[in-house]
Each structure stands twice: as structure tokens, then as C-alpha cells.
Amino acid sequence: LLFLISIPFLKDTVEIQINSKSDYIKLSKLGIELDHYRTNTLVHAYATDKEINILKNNGFVVNKIINQAYQYYMQLKQNERNPLGEYHNYNELTDFLNSIANTYPNITSLESIGQSVQGRELWVIRITDNPMIDEPEPQFKYIANMHGDETPGRELSLYLIEWLCANYNVDNRATDLVNNTDIFIMPSMNPDGFELGSRFNANGVDLNRDFPDQYNDINNTITGREPETQAVMNWSNNHNFTLAANMHSGALVVNYPFDGPQSNLYSACPDDDLFINLSLIYANAHSDILSGGFQNGITNGAEWYALYGGMQDWNYIWTNNLEITLEQSITKWPNENTLDDLWNDNKESMIAYIEQIHKGVKGLVTNATSRQALSAMITISEIDKPILNHSNF
């Protein structure tokens, strides 16, 4: 662990010196994948040897650095409870979800929406009062661990699943959510990356750069994408998700669209005011998010740094689903003995955010005579984003 760790086929973690904000624009044009950490004079990123040479040829000072997340992963593997201490590895995660589904069959349904590169199931658990029926209820989704080495969300998902199920018909808040919401939770979009201690999937691809992108990849198709990305795209297109969030770590902030086109420049989507409000709902309920260094605990994606092929923008542009990105821990692999505290920090935020799906205007579009559900394009004055409803009920 005293040496620089380099995993075959994956990019190295590097530190790039920054002289001005214009350097971020140059990095975006060069297609360099930035990480969360940055100061006024440097930024962390991921790069191949070829990309490092390109950076140097463009005048950047670049140094390889230790991947601290992978270093901690290797430390966890030394624990007696192999391989990941209190973290759930793939087999333990599968056992946990099967146990929940068997214990609470009246309010849960467990399915795999596909398989990873290495053949691991992409588990999704559905929690609602009639899990085998598509009722006219709003559909919500949480996705965690799309970066394999960003792990808290994976565990927080399990805490939330257990809280919803164990408190059904016990706690009014949990009961109301389960009775009136169709909740889908995917604890790990990148199970291979988790087992490898890597940000990337087993093909060395960053899944949060693999979705269609409105700025440089407008072909909304699964063709040529990673199996994990394809599975999530197909699954999302087969549902009518209204509200969602994906969970990351490496910073402490709530990030909202748009994520491009240019770093350090605010990029407002048509529902900017709504996204700000949704982000503040999560941030204001969090006990420690202001320590992350962002004003009010939130940030516009591009104003922080631009990325292309991100999942939250794809959801908004192509599925009409309002999704934000949650950075839930500055540490990517926080010590296992801090997981309970992280749950306590995020519990109220995660619950309150789901509850927002019941706010605002909602209803059914039906034929006046037969009352059969109809497709309709719904527009709102001054918001340039029409919504096509779902008519499968």
C-alpha cells in the first residue's frame, strides 16, 4: 500500500495543476474525466497514459497519485470478515435482498433487470402495497453504487429498504409512502466495480459517462453501451419514473442538471427552479451537508464541473424523470464503523426527498366517456419542457 496502485485496463488517478478557470474548459475539450476533489490550484482526474501525454503536450503539469479509495478497499479486504467488513459484498447483498423479499412478500418484489459484464445480477427491489400490480401511483427510484468505489449509497440503500419494510403498518410515515408510492431501489448498478474496488465497470468504463448526452451523443439508443447502462435505460423506459436520485461519494453536496456543456458555467435546465427546490429539500434535512463547502449544500452540475454522458441529464432529457445526484460522503470508502452515523445524517433527507413526489399538480388523463387512460402532452406556461404522461393503467 506504500506504492502507487495501478489496476490493469483502468485509468490512473492523477493530479492536474490549474492556473485559471479557462483550464477547466480546456480539460473538457480534451475529454478528461474529472473527479470531485479540487482546489484553486489543482484538480484530481482519471487518465490513461495516452491521455496524460496529451495533457502534458497541452501545457498541463500532471502527476500520478495514489487512489485512496482503492487503498482503503485493499485495507478492508484484510479484515477477518472477508472481504469487506460491514459492507455487503455481492453475495451478502443478494442474500439481504432475498431475505427482505421473503420476509415482506406483501409489499416487496425483487427482480434482476440485467447482468453486469461479469454476470452479476443487477438487483432492483420494488416496495409498494401491491408490488405485483401497476397501480396509478407515482413511481420513484434510487440508484446507488454506479461508481464501484463510491460505496456509502450502496449501504444507505439497504438501511432505507429495511426502514420502509420494518416500519410498514408501524410508522405512519413509512406506511403512507408504501401505500401511495411505487418505490424502486437499486443498491448497486456496478457490482463488478465494487468487487474490484474500482470506479469503473469490468470493461474499464465509467458508467456515469456512458449514457446518451444532449451535447455530444444525442443518439438515444442502447447500441454500443455497457450492459449495466443498457439495463438501466431499458428498465427506465419501461416505467414512468417521476422522481429519482443517484447516490455517489467523494464530496458532500446535492448536484442538479444540467451537467454540461462547460465547466464552471451555470447551465440551467427548463425546470431549474424546481431542481433547486428539490435539492434544497435534501440538503436542508441533512445534518452536516454544509460542511461540504458548497453554498446551501447544493450545486448546478456544470457550474461545479462539466461531464458528458451522465445519468441525471439523460433521465431528464429522454424520460421526463426529475433526477438529482447525491454526494453523500467526502470519503468514498468511509470506515465501516461510520455507516450508522452516515445513515443518521442522510435518513431524513432520503425519506423527505421521496415524499416530494406527492407535491405539486398531479392527476389522471382519461377519456371523458369511457374513463380509459389516454396519452397526453402536458405543458406549463414559461417552462419549455413538455411532459408526455403514462397511459398504461
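**Asn190**

I started with Asn190 and listed what it touches in this predicted model. Leaving out residues up to four places away in sequence, Asn190 touches Asn145, Met146, His147 and Gly148. Ser198, Arg199, Phe200, Asn201 and Leu207 complete that list. I then looked up where Asn190 sits: in the loop between S8 and helix H7 (191–196). Is Asn190 buried or exposed? Its relative accessibility is 0%, so Asn190 counts as buried, the cut-off being under 20%.

**Strand S7 and its partners**

Next I took strand S7, residues 139–144. I checked burial residue by residue. Six of the six are buried, so S7 is largely enclosed by the rest of the structure. I split the strand by face. Gln139, Lys141 and Ile143 lie on one side, and Phe140, Tyr142 and Ala144 on the other. Both faces are covered.

Which strands pair with S7? One is strand S9 (residues 241–248), parallel to S7 over six bridges. Within S9, Met247 is the bridge partner of Ala144. Another is strand S8 (residues 182–186), also parallel, over five bridges. There I noted Asp182 of S8 as the bridge partner of Gln139.

**Nonpolar cores**

I turned to the cores. As background, nonpolar side chains tend to be buried together in soluble globular proteins. The largest nonpolar core here has 58 residues. Which members touch the most others? I got Ile127, Tyr142, Leu160, Ile161, Leu164, Ile185 and Tyr353.

I followed up on Ile185. Neighbours within four places in sequence were set aside. Ile185 is then in contact with Trp123, Val124, Ile125 and Ile127, and with Tyr142. Its contacts also include Ser157, Leu160, Ile161 and Leu164. A second core is separate and has 20 residues, among them Ile16, Val43, Ala47 and Leu307.

**Helix H5 against helix H12**

I moved on to helix pairs. Two packed helices are described by the angle and the distance between their axes. For helix H5 (residues 152–166) and helix H12 (residues 339–355), the axes come within 9 Å and cross at roughly 65°. The crossing of H5 and H12 is right-handed. From H5, the contact uses Pro152, Glu155, Leu156, Tyr159, Leu160 and Trp163. From H12, it uses Leu339, Asp340, Leu342, Trp343, Asn346, Lys347, Met350, Ile351 and Ile354. I sorted the contact residues of H5 and H12 by class: 11 nonpolar, one polar and three charged.

**Helix H8 against helix H11**

I ran the check again on helix H8 (residues 227–237) and helix H11 (residues 311–319). Their axes come within 12 Å and cross at roughly 35°. The crossing of H8 and H11 is right-handed. H8 supplies Val232, Met233, Ser236 and Asn237 to the contact, and H11 supplies Met311, Trp314, Asn315 and Thr319. The classes for this contact of H8 with H11 are four nonpolar, four polar and no charged.

I stayed with H11 and asked about burial. Seven of its nine residues are buried, so H11 is largely enclosed by the rest of the structure. The buried ones are Met311, Gln312, Asp313, Trp314, Asn315, Tyr316 and Thr319. Just after H11 comes Asn320, with a positive phi near 60°.

**The four-stranded sheet**

I traced the sheet that runs S2-S3-S1-S4. It is open, with antiparallel pairing. Which strands stand at the edges? They are strand S2 (33–38) and strand S4 (62–64). Each has a single partner strand, so one side of each lacks a neighbour in the sheet. Neighbouring strands of this sheet are turned by 30° against each other on average, direction ignored.

I then looked at S2 with strand S3 (residues 42–47): antiparallel, over three bridges. Val43 in S3 is the bridge partner of Arg38. Val43 had already come up in the second core. Helix H2 (residues 49–57) lies across strand S1 (12–17), S3 and S4. H2 runs at about 155° to S4.

**Hairpin S13–S14**

My last entry covers strand S13 (residues 377–380) and strand S14 (residues 383–388). They pair in the antiparallel sense over three bridges. Ile380 has Ile383 of S14 as its bridge partner. The hairpin has two residues between the strands. I checked phi for Glu382 in this hairpin and found it positive, near 75°.

Terms used. Residues numbered from 1 in each chain as written. Predicted model: local features only at pLDDT ≥ 70, side-chain atom pairs only at ≥ 80, totals over all residues. Heavy atoms only, no water. Axes fitted to C-alpha atoms, helices over the stretch in contact; angles between N-to-C directions. Left-handed = near helix turned anticlockwise from the far one by under 90°. Contact = heavy atoms within 4.5 Å. Nonpolar A, V, L, I, M, F, W, Y, C, P; charged D, E, K, R; others polar. Core = buried A, V, L, I, M, F, W, Y, C linked by side-chain atoms within 4.5 Å. Buried < 20%, exposed > 50% of the residue type's maximum accessible area, 1.4 Å probe, protein only. Pairing = 2+ DSSP bridges.
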